[in-house]
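Me: I am new to this structure and would like to know what the words used to describe it rest on. Please set each value against its definition before you conclude.

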Amino acid sequence: MAQSTETTDWVSRFADEVIAEAERRAPAKPAVVVASGLSPSGPIHLGNLREVMTPHLVADEIRRRGHRVRHLISWDDYDRYRKVPAGVAGVDESWAEHIGKPLTSVPAPEGSPHPNWAEHFKAAMVDALAEMGVEFDGISQTERYTSGAYREQVLHAMRHRQDIDAILAQYRTRPKAAGKKSQKPVDEAELEAAEGSGAAAEDDGSSGSAGYYPYKPYCGNCEKDLTTVTAYDDDSTELTYACTACGFSETVRLSEFNRGKLVWKVDWPMRWAYEGVVFEPSGVDHSSPGSSFVVGGQIVGIFGGEQPIGPMYAFVGISGMAKMSSSKGGVPTPADALQIMEPQLLRWLYARRRPNQSFKIAFDQEIQRLYDEWDRLDAKVADGSALPGDVAAHARAVGTAAGELPRTPRPLPYRTLASVADITAGHEDQALRILGELDPADPITSLDRARPRYDKAEAWINTHVPADQRTVVRGEPDAELLKSLDEPSRQSLRLLLDGLADQWSLDGLTHLVYGVPKVQAGFSADATPKELPPEIKTAQRTFFALLYHLLVGRDTGPRLPTLLLAVGQERVRTLLGE
Ligand SMILES: [Zn+2]
């Protein structure tokens, strides 16, 4: 088992608080329960990963300290199907006929191996969580409700419907808060607001002419939740409802009826009590009066439970998710992020920021800088020079209480791998040749040594770098440009060509390309910036631009040493006019 990180970071502080609260509630020390809730109503947005990562990191710290802990992920798959998400492969407008049914009663997209809508979208998230080392107990709310697991709680809520109604009434006149607790992409939240009162009414139950009921049946004929409870008898538990969608009506005995659910604002606190949840964060938009977390805190007592410690987490943004890769409903999912970055990096993004800090996950060029930062931290941790808080975040990123996540054996710089993948365009033999030449003293002999990081960098190049930014090495020398060169330019190319053979490695070529302008200006190639006049920088820029033009026909490109290695010595000589 991995050691607990001794330093204090936000994860440690929450773990202290959660353990103390669990011991106050139950000194006999049963497992500490933390929870997340996810709605598989469509592709699960990468932003919603914070709903899982916040309790995961805290649970993992508690586990590292030797406590038993359960991380529940409640799959809200018994929620109603609200709308047909745009851009999901295998789904067309005909899915609209299922709106109002439970998510587990809606057919999966065409071609899916999964039995229904909810299972289809759940599966992608389960795979991503496994890759990230997130250990959890998944709970299907469909399974819970339809098996009658909550029977006592449902009957109890109906018996206390006036108490519940009284609590909800305190908030009904206030501006309505957002519905479900996980954050939604802004456009979806706006869409829901535009839908009108639907979400709010659905959240706390209708208060129709027959009185308030916190329970809604799914119709026995059409399966939709467009039902109204018209009568209920506490003694017999006989409940009568009518469906406004199909006109069906029936009277059932709630003590044996399993096709319905508590409304969200009652459902959530009921589950806190049922599971004994001690820690469950929610999106920052739920701090407002009347939000489900605040109201739940009042309702949970009716079920004999207590409100969990529930920090509000801030928005996680995405930068540079190109439209061209939005094949799965137009939203980036955790699986999309794991296509282009290792799980360690994704874990680190969550571990290093307190939940109330927002941050962005980069799908654009920023990912290269992020990886540089991560590699620098990795090196500092290895040589013992990292700060305690950074050491903690690093430890949470690279593994869990169960052990370290699989690592790339030779983690070469991401930007180098991306350039190599860019230039070699899928030719693995070429990629291996270049990677082998990066460090001749310790050459890479198999591409697998650079995997999976190499595969992630390659996927990033292929899916997130626009075509006009891809590198295309010239097929033929630019004869016109070569002919037009002045003498100093010709001399700079000669100096480069003369050094190529001896300097053919990443370090050697770096020294060479920066050194040529220095030598030309009469300095040593080893001269440091302090020993050089500022004009050298201009000369270097001019020289680099010339090389880019001759090699790839543009002003810029991948870092030159990588580019030279990628192009290969013979072809470099040809393109530079030797
Ligand atoms: Zn119906």
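Me: Why is G508 called buried or exposed?

Reply: The relative accessibility of G508 is 9%. Buried means under 20% relative accessible area, exposed means over 50%, and partly exposed lies in between, with a 1.4 Å probe and protein chains only. G508 therefore counts as buried. This residue lies in helix 20. G508 and P561 are 53 residues apart in sequence, while their C-alpha atoms are 8.3 Å apart in space.

Me: What kind of model is this, and which residues and atoms count?

Reply: The model is predicted, and local features need pLDDT of at least 70, side-chain atom pairs pLDDT 80 or more, while totals for chains, interfaces and linings use all residues. Numbering starts from 1 along each chain as its sequence is written, and side-chain values use heavy atoms, leaving out hydrogens and water.

Me: What makes a stretch a helix or a strand, and how many of each are there?

Reply: Both are DSSP runs numbered from the N terminus: H or I over at least four residues for a helix, E over at least two for a strand. By that rule the protein has 23 helices and 16 strands. Of its 578 residues, 52% count as buried. The C-alpha trace spans about 100 × 55 × 40 Å along its principal axes.

Me: How do you know whether the span of helix 19 agrees with its number of residues?

Reply: The expected span is 1.5 Å times one less than the number of residues. Helix 19 covers residues 487–500, which is 14 residues, so it should span 20 Å. Its end C-alpha atoms are 20 Å apart, and the two values agree.

Me: Which residues of helix 19 are buried, and what do they pack against?

Reply: The buried ones are S489, S492, L493, L496, L497, G499 and L500. An α-helix has 3.6 residues a turn, so residues three or four places apart point the same way. The buried residues of helix 19 pack against helix 18 (479–484), helix 20 (506–520), helix 21 (535–552) and helix 23 (569–575). Packing rests on contact, which means heavy atoms within 4.5 Å. In the protein, 72% of the contacts with a separation of 6 or more are between residues 24 or more positions apart.

Me: How do you know which atoms are the protein donors of the zinc ion?

Reply: Donors are N, O and S atoms within 2.8 Å of the metal (3.2 Å for Na, K and Ca); water is not among the atoms, so sites may look incomplete. The SG atoms of C219, C222, C243 and C246 lie 2.3 to 2.4 Å from the zinc ion, and these are its protein donors. Along the chain they follow the spacing C-x2-C-x20-C-x2-C. C219 is in the loop between strand 6 (215–217) and strand 7 (227–232), and C246 in the loop between strand 8 (238–243) and strand 9 (249–253), so this pair ties together parts 27 residues apart in sequence. C219, at 0% relative accessibility, is buried, whereas C246, at 33%, is partly exposed.

Me: What is the geometry of the zinc ion site called, and how do the angles decide it?

Reply: Four donors count as tetrahedral if all angles lie between 85 and 135 degrees; four count as square planar and six as octahedral if opposite donors are over 155 degrees apart and all others between 65 and 115; anything else is irregular. The angles among the four donor atoms run from 104 to 118 degrees, and the site is tetrahedral.

Me: What makes strand 7 and strand 8 a pair?

Reply: Two strands pair if DSSP finds at least two bridges between them. Strand 7 and strand 8 have five, in the antiparallel sense. Among the facing residues, A231 stands opposite T240, and V229 opposite Y241. These strands form a hairpin with five residues between them. In its turn, T237 has a positive phi of about 60 degrees although it is not a glycine. T237 counts as buried, at 9% relative accessibility.

Me: How do strand 8 and strand 9 pair?

Reply: They too meet the rule, with five bridges in the antiparallel sense. E238 stands opposite R253 in strand 9. Their hairpin also has five residues between the strands, and G247 in the turn has a positive phi of about 85 degrees.
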